[in-house]
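Biologist: I would like a close look at one part of this model, the set of charged side chains that join up with one another, and then at the framework that surrounds it. Please give the cut-off behind each term as you go.

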Amino acid sequence: QVQLVESGGGSVQPGGSLELSCKPSGNIYTIGAMGWYRQAPGKERELVATATTSGGTNYADSVKGRFTISRDNPKNTVYLQMNSLKPEDTAVYYCNADIVTGPRYYSMEYWGKGTRVTVSS
């Protein structure tokens, strides 16, 4: 069984920074794309950023220039560095990863339980 364990959420003032991290655990054979999504109160879950195994990245327009996604492939860990945080960044942030659990299995999408980020003065 695979679990994605997120850490790094918390409360910060506008203009501040936080770094989230996510590391899958369990029966992992290979990991494909990894990313971060968020869900604000009363809104649908939305993509924040994704990163491929080869280093390609994709960002939501609302976070471009402020957030940076990176991954440490040997450690199977993905990070989200969030700078210049705004109140509208307040949300629960979810880690997402495409994981293969064995040589004869297809890739499946896994989600973390989420970590809360609150930006408020």
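Which residues are linked in a network of salt bridges?

Modeller: The network of salt bridges links Arg38, Glu46, Arg66 and Asp89, where a salt bridge is a side-chain nitrogen of Lys or Arg within 4 Å of a carboxyl oxygen of Asp or Glu. This is a predicted model, in which local features need pLDDT of at least 70 and side-chain atom pairs count only at pLDDT 80 or more, while totals for chains, interfaces and linings use all residues. Residues are numbered from 1 along each chain as its sequence is written, and side-chain values use heavy atoms, with hydrogens and water left out.

Within the network, arginine 38 forms a salt bridge with glutamate 46, and their closest N and O atoms are 2.8 Å apart. For burial, the terms are buried for under 20% relative accessible area, exposed for over 50%, and partly exposed in between, with a 1.4 Å probe and protein chains only. Arginine 38 is buried, at a relative accessible area of 6%, whereas glutamate 46 is partly exposed, at 37%. Arginine 38 also forms a salt bridge with aspartate 89, for which the closest N and O atoms are 2.9 Å apart. Because aspartate 89 lies in the loop between S8 and S9 and arginine 38 in strand S4, this pair ties together parts that are 51 residues apart in sequence. Both aspartate 89 and arginine 38 are buried. The count of salt bridges in the model comes to four; among them is one in which the side chains of lysine 64 and aspartate 61 meet, at 3.1 Å from N to O. Aspartate 61 counts as exposed, at 64% relative accessibility.

The framework holds zero helices and eleven strands, helices (H or I, at least four residues) and strands (E, at least two) being DSSP runs numbered from the N terminus. One open sheet has four strands in the order S1-S3-S8-S7, with antiparallel pairing, two strands being paired if DSSP finds at least two bridges between them. Its edge strands are S1 and S7, each of which pairs on one side only. From one strand to the next the twist averages 15°, with axes taken as lines fitted to C-alpha atoms (for helices over the stretch in contact) and angles running from 0 to 180 degrees between N-to-C directions.

Going across this sheet, S1 and S3 are antiparallel and share six bridges, with valine 2 standing opposite glycine 26 in S3. S3 and S8 then pair in the antiparallel sense over five bridges, and leucine 20 has leucine 80 in S8 as its bridge partner. S7 and S8 run antiparallel as well, joined by six bridges, one of the partnerships being that of aspartate 72 with threonine 77 in S8. These two strands, S7 and S8, form a hairpin with four residues between them, and asparagine 76 in the turn has a positive phi of about 55°.

In a regular strand the side chains alternate between the two faces of the sheet. On S1, the covered face carries Val2, Leu4 and Glu6, and the uncovered one Gln3, Val5 and Ser7. On S7, Phe67, Ile69 and Arg71 form the covered face, and Thr68, Ser70 and Asp72 the uncovered one.

The largest nonpolar core has 30 residues, of which Trp36, Leu80, Met82 and Tyr93 touch the most other members; such a core is a set of buried Ala, Val, Leu, Ile, Met, Phe, Trp, Tyr and Cys residues joined through side-chain atoms within 4.5 Å. Elements that give two or more residues to this core include S1, S3, S4, S5, S7 and S8, while its largest share, five residues, comes from S9. Leaving out residues up to four places away in sequence, methionine 82 touches Gly16, Ser17, Leu18, Leu20, Arg66, Phe67, Tyr93 and Val117, a contact meaning heavy atoms within 4.5 Å. Arg66, in this list of contacts of methionine 82, is also a member of the salt-bridge network.

For the protein as a whole, buried residues make up 40% of the 121 residues. Among contacts between residues at least 6 apart in sequence, 55% join residues at least 24 apart. The C-alpha trace spans about 50 × 25 × 25 Å along its principal axes.
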